[in-house]
There are 2 protein chains.
Amino acid sequence: MHITLPSGKKIPCEPGVSILQSLREEGIYLTSSCGGKGTCGKCRIIIQSGSADIQSTMKLSREEIDKGYAIACKTYPAEDLVIDMPKESMLTVDGKVATGKAEDLLKLFRTIGADLSPLTERLTLQLPPPTLDDNISDLERLKRELSSKGLGCLRVPFRFLLGLSQNARKENWKITLSTIHSEDCHEIINVFPGQHPVPQYGIAIDIGTTTIVVYLIDLSKGILVDVASTYNSQIRFGDDVITRIVHATEHHELKNINRAVISDINELVLLLAENHTVRLDSIDCLVISGNTTMTHFFLGLDPSSIREEPYIPTANIFPLSYAGELGITLNPSIPVYSFPCVSSYVGGDIVSGILATRMHEKEEISIFIDIGTNGEIVIGNAEWLMSVACSAGPCFEGSGIRHGMRATNGAIEGVKIDPETREVEIRVIGDEARPMGICGSGMIDAIAEMFIAGILNQKGKLQPETSERIRTGEDGTEFVIYYGDGKDIVLSEPDIENIVRAKAAIYAGFTTLLLEAGFSFDDVHRIYIAGGFGKFLDVEKAVIIGMLPELPKEKFEYMGNTSVTGAYLFLLSRKMRAEAEEIARKMTYLELSISRSFMDEYMSGLFIPHTNIDAFPVVKSLMKQ
Amino acid sequence: MHITLPSGKKIPCEPGVSILQSLREEGIYLTSSCGGKGTCGKCRIIIQSGSADIQSTMKLSREEIDKGYAIACKTYPAEDLVIDMPKESMLTVDGKVATGKAEDLLKLFRTIGADLSPLTERLTLQLPPPTLDDNISDLERLKRELSSKGLGCLRVPFRFLLGLSQNARKENWKITLSTIHSEDCHEIINVFPGQHPVPQYGIAIDIGTTTIVVYLIDLSKGILVDVASTYNSQIRFGDDVITRIVHATEHHELKNINRAVISDINELVLLLAENHTVRLDSIDCLVISGNTTMTHFFLGLDPSSIREEPYIPTANIFPLSYAGELGITLNPSIPVYSFPCVSSYVGGDIVSGILATRMHEKEEISIFIDIGTNGEIVIGNAEWLMSVACSAGPCFEGSGIRHGMRATNGAIEGVKIDPETREVEIRVIGDEARPMGICGSGMIDAIAEMFIAGILNQKGKLQPETSERIRTGEDGTEFVIYYGDGKDIVLSEPDIENIVRAKAAIYAGFTTLLLEAGFSFDDVHRIYIAGGFGKFLDVEKAVIIGMLPELPKEKFEYMGNTSVTGAYLFLLSRKMRAEAEEIARKMTYLELSISRSFMDEYMSGLFIPHTNIDAFPVVKSLMKQ
């Protein structure tokens, strides 16, 4: 049996194997945030001819079903099929996004003034051939050459001894070593016969609870080549870290949760390498940045104590590991560095974020906030750093929101509503004519605009009389942001409730942390905002909904995904790696779960913008208008 | 189909699988120096009932065939069989030998005055349980405890992080680490919950070209528990190192040659562990000592450049490797230390030997000679060491000699011939009533006694008129040393030729080395002799045949297998390990293959005792008698 793809290519299939699985076996990956359980509805295909056993249509509208839409993970072919794959279902590299980012990153790296000194280094050596008078062994010859050049000592892991004799002789005693610095010594991670300084690539990865972002980086130039991202397939074990820890501990699924993230990473890395014809043996290093639980899952470490008082991780500063021992399908000897963490709930992604903002080297007090599945907030300066974590939920990354999606091509990232006509105007990432969903910045925009236009009240309820776009949908009352051909994009009241809860947790985190640190918002010189919102976050809109404090606009700086930016810096510079460890060591952690004032602040934040409207004078005046 | 063993136990078998293989699958190991090719004839069994497909009887006499003897590797069952296994076929641990050796070794270790500081150390730590106020990670807690005790830093290879969280909590934060010292740091090689200082074992291995000897050592007390030995199954790829290198290089058999020695070692170690009910996870460390080629084969390193001018090994000082990466079936994380080598033809076994003799710390000049498959000779003192290698062949280890065997139970180790009556008296290792073969010391005795009794002439030819024991056998003229029931033990003229060539190479090595170093035999304070001769080597007899120089008897010291003795010392003491590296660094090597005087000396040595009879005045006078 065969499935014919849009390209005309035929791939084999079987009645008992889902279409998602058959596609995967051919190297074609569909978005699948639930990991194939039929609950996210993202792996859509359109069956153009042939019949299939469709086991679930739960996530499809009647109209979509009529048009032949099906969920690939729950559809089993009954005969030869011809299918189409809508663009929004395809897992692809974000080629377009990368170009802009690449320049910004390089600029950032130059601003810092660090040397380009990637964690792996290529050294080409011309050894003198042995003679009866100079008959030391191959290994000693190599070490002697390095030390005679003042390059220090050389550690050769046993496995590299195996090919040394042949590699040294293949190109007349010219040999290139790929090495890392470990305990003041060069440690070999790969050996090439002859001169082989380039190509040399590295991989920087942000493992978010909801989203995984992978950067392919040219280490010789410090250039971001491309980006790929996907939902973390661990989502099938729960949306948040706690649920996943329960799965790992009580359902003995640690190995499966670990494999889920490793296979996501393998897929994205292979996709990037293939797209840019990068040979896998020219990838020399991986750096991963993630929260403490994600880092534990990535490494396969038991996370059970993270969940239980006194909340202890196995490690905060992780020993170096190698691709082979983690199941990463690259050269098994390349190093995998994990960002150091601070505590069970302030992880490597936050340390990475601080590294990217540079607030750890400034005199003035700054605040850093990373809005992902959790919201972590750090206050401090060059002298001290203090952090909290508040459980915001994954809605800004698209999860738990009916038409939510990550900030990739096709996502509505900006929404404007004319206060007079209540006409809606949208901006879509990649300028796609047809949006596929709405990402975090779009949600914030939409809620702020609806609120100001009077469509939404302070309690987060839609006012049906105010707009024809308000209707009753599957999840209750909803607002249509975009009328699509067969697929409208809406925000429902449950969606809005999710967003309000998230923004309340974040604002409560700010105020509690400031209180504990003994400062007020006025003492804060700058607020760095990170998160998977894409290129833009309209800070004024985030203030209107009460997520951010009402401060002069110039104090805010939206930084995008600082976790992966920090990983990029770490990969390119040994100095940055040392700074990251210093940040982790210096940062203190305040446990909010035992803070009464946090709970009070959170409850007060469940209104738009806030119960204490006087903290938002500008919004107050806008409301009056 | 079944084979019934002498014990009454029935084991499964199949027509296509040799009896040797079927026994092996049940954990019953027969001696098999050719590795199952039917050429050594050592894996004898006796078929008592049932019929079998016997594919070779080449190594059996008609009498033996009549009695039901068969070669297990070339015999395939055709129906249910009942078999007997003669004692000489069984590969067993040398329990009896060990008891004596254990005392000698411990005495030697005490004489040296080194502390008992095994290469792996057990550390039991009681950690303070974490609290909300003391909430550092498990790893940091462990490191903090170690450093607060002044025990220095701790390196945790990634794999030990995996179980750390559970191991720490299992016995209420008491934990035992098994560690090695590596670059001034403790490196974890195993973790046990709770208090677990003992049992702790180590393995010292001598990998000879012909024979492999394995010591099981109780690291906590420094006691040799038991010894096991076998022929190196690499013999099927050639008797000497050069033939095996050709096999590895030109026939691409490196992997198979490597596997042969690894599987020999695995079998012997498992046998020892089983015999002494030692749990495999209580074995903490392996040390191997072998010549340069054997070390390369053991590690799987390409040996091709060892054979070609300018004779370069991949390494002389080997990086630490781990059991897992070598295919050793113990805890994959335990360290495997390989003795440092000096050059392509003076290896770790010689460095180990020097370590055992202690000549590297003496003022006076000593000579060390190790007679294995090669003969290596070292001269020097605390200031300098100079070495040569001369190809002696494996005859003293039993290979290439019709009834030759290793110095284990059942071997004739001493021979006396009454010069008058020409009656023969033998001494057998283990006082066995029925000898199974003759070992190196027995051969030397036999030839010296035959020579003195006039049975053998100076050219190594038997004189048939002198004894009724001289007869014509399968290999030509032979002398019957022992009349057995169905199996006589003989030395044939080709056997004697082999032994004469070996002793000539050894004596030529002595004289050439002395010449080059600018000394004479009179300057030498002591001659240490090593080799697989068992407990005894009658030095006077070795002088009579012209293998050793005629010097006062008290100058000679027979040391047995110094390679494994040195490995024992290395395993028990970090100081010994440092000394071994110092010995390897200090020793110079003289290439005999380009020495004309060595060739001349060798040719002169092909007589008994020597062409230059005046160098052996005592032998000369004995001959006159």
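Select P199(B) to start: P199(B) sits in a loop of chain B, with strand 11 (185-193) on one side and strand 12 (201-207) on the other. The model on screen is a predicted one. Add V198(B) to the selection and look at the bond between the two residues: the peptide bond joining V198(B) and P199(B) is cis, with omega at about -5 degrees.

Go next to P310(B), in the loop of chain B that runs between helix 10 (304-307) and strand 16 (321-322). Show E309(B) as well. The peptide bond from E309(B) to P310(B) is cis, and its omega is near 0 degrees.

**Two residues with positive phi**

Stay in chain B and select T277(B). T277(B) belongs to the loop between helix 8 (254-275) and strand 15 (283-290) of chain B. The phi of T277(B) is positive, about 40 degrees, although T277(B) is not a glycine. Is T277(B) buried or exposed? The relative accessible area of T277(B) is 74%, and the cut-off for exposed is over 50%, so T277(B) is exposed.

Now move to chain A and pick N172(A). N172(A) is in the loop between helix 6 (164-170) and strand 10 (174-182) of chain A. Phi of N172(A) is near 55 degrees, a positive value in a residue other than glycine. The relative accessibility of N172(A) is 57%, so N172(A) counts as exposed.

**A buried serine in chain A**

Select S492(A), in strand 26 (residues 489-492) of chain A. S492(A) has a relative accessible area of 0%, and therefore S492(A) is buried. Which residues does S492(A) touch, leaving aside its neighbours within four places in sequence? The contacts of S492(A) are with D475(A), T477(A) and E478(A).

**A buried lysine in chain B**

Return to chain B and select K503(B), which is part of helix 14 (residues 493-517) of chain B. K503(B) is buried, yet has no salt bridge. To see this, display E601(B): E601(B) is the nearest side chain of opposite charge, and it is 10 Å away from K503(B). A salt bridge needs the side-chain nitrogen and the carboxyl oxygen to be within 4 Å, so the charged pair does not count as one.

Then show F607(B) with its backbone atoms. The backbone oxygen of F607(B) is 2.6 Å from a polar atom of the K503(B) side chain. To fill in the surroundings, add the residues that K503(B) touches, not counting those up to four places away in sequence: I545(B), G546(B), M547(B), G605(B), F607(B), P609(B) and H610(B).

**The interface of the two chains**

Finally, colour the model by chain and turn to the contact between chain B and chain A. How many residues does each chain bring to the contact? Chain A gives 39 residues and chain B gives 39 residues. Between them, chain B and chain A bury about 3300 Å², with 60% of this area on carbon and sulfur atoms. Zero salt bridges are found across the interface of chain B and chain A. There are 12 residue pairs in polar contact between chain B and chain A, with both residues at pLDDT 80 or more.

For the side of chain B that touches chain A, select helix 4 (138-148), helix 5 (158-161), helix 6 (164-170) and helix 11 (323-326) of chain B, the elements that give two or more residues to this side. Helix 6 of chain B gives the most, with four residues. By class, the side of chain B that touches chain A holds 21 nonpolar, 10 polar and eight charged residues.

Key: Residues numbered from 1 in each chain as written. Chains lettered and ligands numbered in written order. Predicted model: local features only at pLDDT ≥ 70, side-chain atom pairs only at ≥ 80, totals over all residues. Heavy atoms only, no water. Contact = heavy atoms within 4.5 Å. Buried area = accessible area lost by both parts, 1.4 Å probe. Polar contact = N/O pair within 3.5 Å; in protein donor to acceptor, adjacent residues only side chain to side chain. Nonpolar A, V, L, I, M, F, W, Y, C, P; charged D, E, K, R; others polar. Buried < 20%, exposed > 50% of the residue type's maximum accessible area, 1.4 Å probe, protein only. Lys, Arg positive; Asp, Glu negative; His and termini not counted.
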